[in-house]
Amino acid sequence: METLMSIIVGILFAIGMYLILSKSLLRIILGTSVIAHGSHLLIITMGGLKTGGPALLGKHFTTFVDPIPQALILTSIVINFAITAFLLVLAYRSYQVVGTENMERLRGNDNE
Amino acid sequence: MSLLHWVIFTPFLFAFIVPFIYKYIRPIHTGWFVLPIPAALFILVAKHIPQVATQGQLRETIAWIPSLGINFAINLDGLSLIFGLLILGIGALVVLYSIYYLSKEKEALHNFYVYLLLFMGAMLGVVFSENIIALYMFWELTSIASFLLIAYWYQRKGSRYGAQKALLITFFGGLCMLAGFLFLGKITGTYLISEIILQVGQVKGHPGFLPAMVLILLGAFTKSAQFPFHIWLPDAMEAPTPISAYLHSATMVKAGIYIIARFTPVFGGGQQWFWLVSGVGLITLFWGSFSAVRQVDLKSMLAYSTISQLGMIVCLLGLGSVALYYGPGEGGAFYITAILAAVFHLINHSTFKGCLFMVVGIIDHETGTRDIRRLGGLMSLMPITFTLAVIGSFSMAGLPPFNGFLSKEMFFTGILKAAQMDIFNMQTWGILFPIIGWLASIFTFVYCMLLVFKSFTGKYYPEKLEKTPHEAPWGMLLPPLVLASLVVLFFFFPNVLANYLLQPALVAILPGLVGLSSEIEIIAPWHGWTPELIMTLGVIGIGIGLFLTFRSWSKLYTYLPQRFTLNILYDQLLIKTEDISRKMTKGYMSGFIRDYLLYIFSFLVVTVGGALLFLDSFVYDPTGNSTINSYEIVLAIIMLGAALMVLFAQDRVVAIIGLGTMGYVVAMFFVVFRAPDLALTQLVVETVTTVMFLLCFYFLPRLEKEKVSSSFQAIRVVISMGVGVVVTALALSAQGNRLFEPISWFFENSYELAGANNIVNAILVDFRGFDTMLEILVFCIAGLGVYTLIKLGLTRRKQDESK
């Protein structure tokens, strides 16, 4: 299972990467979301899979899965949500103001 | 904290108070408040003269970083005492002079005195420090203070240029010197000068000897404006004249000489040291005096003259180092005199050159110009200034009855003896020493005469001057007067100086060869009709001849190549460096975020992938893997299908559906992996995210088919695949490399510790509570950002409508 998950994670990263390297801001946002999914699966895979019951006490499980990756992922999901929301609004606003979402045309001034 | 430590720290501490004094006590010139500092410290240090003359040295230590055994040690011996007295004595005179030189209404006095005190403290630190790392720190601080003072009138382009040049050249040397010090520290295992000197034998045989020596000498040569690094000093003359008198003739530029003298016992006695030090000194001596003659600006003339005189002292120190080759006994006795001459001339130079700079400052201040082509006939208008100029420049030219005569004679003795040396290949080259030294002395004589007679005699042109000249106020005349009287006093009583200051300095430069009670040569003006005297007479005779015919031969200078001067080399180097770095930066800073992402991820692929590959850390060990169920395979296929859907989607709704599907499949995986909290959160978040995407896409343009060049497309595919492969390899290796025991068992006590049955929740809200708090903070910031971005749009729209 871990091997399978590792390969899936790799593919997700590759696809996300490909999307991030695009010109359109929309695709970049899609890419970050795909990479976020990939990294969540990566974290949970690295902790070892299905080594016991859920990390709940008092439910007759003698062994548990590792709870630390889960805690990390929980934090990550929420932060990823916040970032995605922000990026989307940013794309919306910049499209409104400058009239494009093409990164090639979104450039600084000449004095940079 | 000993008294001597306070001597170093007092100027620094007072520098903090100066701005307040300047701000709140405006009617009185700030200089009057600064003046007592160097004056009092001078008396304090001068009180140590008898003690040093009888005991040799004083050492005081305070703990600096006690845990590492680093102490701030101070060493007051003959050499540092001379420098300390020069720094404080001339410092006091310069402060007094500056009170009349700088107007309290027009100038930013607080800056001036803060920088001056900063310099004073740093320079005292350089000469008193026993620890070479502390010495280096103070050394760079003097460079910074010098930079600030040269750029004091920063509105002028020349000041900024001169300051930058001085800073670049002296910092280059300073960094070299630091490297040299680190070499020395590595070789000897200590950073204390006295302990390094004790391990001379070990240093000499070490392969690091030569690099350490060259690097330290580079520091000394750049600071002391030795050829070919002398080019910064003439440009440093943009500083106010009191500063030129203080930093750029009497003290800071002598720091390099201090270093050479201080490290003579460590490196001296060999052929490389001898040739580097005396050779560079000799070239500088000649080139400085030769260039000084052609100058028309009085301060530039003095700058080149300073370069030349510094070269002479360095040359003498190089000659004197031969004493270490011979060791104690008859053979080396003569060379000790060369060191004596060096130290003696060091003091003499500070007195007459300080005096001359102040005289030039007076001329500049009273007439508004320093150009000798516009000056003339000032003798009757400024009789006292004229007298001071005569004393200063005749001493520099080497005429009696001034102290310069004595040290010039000793210099001639030194170079004559050098011609007879039979070691270090001197049989062939030795004859150059007296010839070049003598020629340089003739040029020195000529520019000294030019300095005095071009500005004070001849025809007076009032129409060429900006102001009507008259004698300077007493406050400006007093400091050069003090120095001029010292010039005369040292001629008549040189041996008082020799006994109390020069001999202890010799003990410091040549430990083991000279003792406090050993006999040193008595300095006397008359030795009979010696070759030295004949050389002096020759200098005077030819010098007068050249001076009188100056008009006819000075054209020769115009034939010198103008294109290949060191200044042009420096400028070109600076322009080229800026050019190249600008091009390099422009080359990769393309302004496209895509390129920057490419750099970042290529770096990731290369370093992480390379480390996995070359450090043999890639492990594939499927034995601990858990089983795969059939519906897990289905989930995996759906996942990949959805991901490909996002990748190839031409329509944005398709892409959103794909992304949403991925999110829900991730939630399913969380269920499979026994993570119920994650699954719930993921479901909620994914739903909200999808809604959000749909909402935003309503306002955004459709996805366009991308047009990219095929080469970029190829790079993009390669990098994406690379990242994917590296991540997979990393995830697989993490399975095989279990280096530590997991710490997760700790959380199984979550009920006892936190009262929670859900371990994940206990971690989030209790054990790692701060993480969660910061996560909420990120959430808040993002929320505020979203709100602001939308709100901002609304207000602007309203404004647009109201128009």
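Chain A contains three helices and zero strands, and read along the sequence its pattern is α-α-α. The structure described here is a predicted model, which scores an ipTM of 0.92 and a pTM of 0.77. Chain B averages a pLDDT of 86, and 98% of the residues in chain B score at least 70.

The overall form of chain A can be followed through its dimensions. The C-alpha trace of chain A spans about 65 × 25 × 20 Å along its principal axes, and the radius of gyration of chain A is 19 Å, whereas a compact globule of 112 residues would have one near 13 Å. Even so, buried residues account for 65% of the 112 residues in chain A. If one takes the contacts in chain A between residues at least 6 apart in sequence, 51% of them join residues that are at least 24 apart. The accessible surface of chain A amounts to about 4,100 Å², and carbon and sulfur atoms hold 61% of that surface.

A single residue of chain A, Arg27(A), offers a way into the contacts between the chains. Arg27(A) lies in helix H2 of chain A, which covers residues 25-46, and it counts as buried because its relative accessibility is 6%, under the 20% limit that defines a buried residue. Apart from its neighbours within four places in sequence, Arg27(A) is in contact with Leu19(A) and Ser22(A) in chain A, and with Ala649(B), Gln650(B), Leu703(B), Glu704(B) and Glu706(B) in chain B. Another link between the chains involves a ring of chain A, for the charged end of Arg716(B) sits over the ring of Tyr18(A), at 3.9 Å from its centre. Within chain B there is a similar arrangement, in which Lys223(B) lies over the face of Trp139(B), 4.9 Å from the ring centre.

Aromatic rings also pair with one another, and over all chains the structure holds 36 aromatic pairs. One of them is formed by Tyr161(B) and Tyr570(B), whose rings are 6.4 Å apart from centre to centre, with 75° between the planes, an edge-to-face pair. This pair links distant parts of the chain, since Tyr161(B) belongs to helix H8 (residues 157-188) of chain B and Tyr570(B) to helix H27 (residues 566-588) of chain B, 409 residues apart. The two partners can also be described by their exposure: Tyr161(B) is partly exposed, with a relative accessible area of 27%, while Tyr570(B), at 10% relative accessibility, counts as buried.

A further pair joins Phe286(B) and Phe290(B), which counts as stacked because the planes of the rings meet at 10° and their centres lie 5.6 Å apart. Here both residues sit in helix H15 (residues 271-294) of chain B, and because they are four residues apart, about one helical turn separates Phe286(B) from Phe290(B). Phe286(B) counts as partly exposed, at 23% relative accessibility, whereas Phe290(B) is buried, with a relative accessible area of 17%; the limit between the two classes lies at 20%. Both residues belong to one aromatic cluster, which is formed by Phe227(B), Phe286(B), Trp287(B), Phe290(B), Phe443(B), Phe550(B) and Trp553(B).

Technical notes
Residues numbered from 1 in each chain as written. Chains lettered and ligands numbered in written order. Predicted model: local features only at pLDDT ≥ 70, side-chain atom pairs only at ≥ 80, totals over all residues. Heavy atoms only, no water. pLDDT = per-residue confidence, 0-100. Phe/Tyr/Trp six-rings, centres within 6.5 Å; stacked < 30°, edge-to-face > 60°. Helix = DSSP H or I, 4+ residues; strand = E, 2+ residues; numbered from the N terminus. Buried < 20%, exposed > 50% of the residue type's maximum accessible area, 1.4 Å probe, protein only. Lys NZ or Arg CZ within 6 Å of the ring centre and 35° of its normal. Rg over C-alpha atoms; globule rule 2.2 N^0.38 Å. Contact = heavy atoms within 4.5 Å. Areas by Shrake-Rupley, 256 points an atom, 1.4 Å probe, with all protein chains shown as cover.
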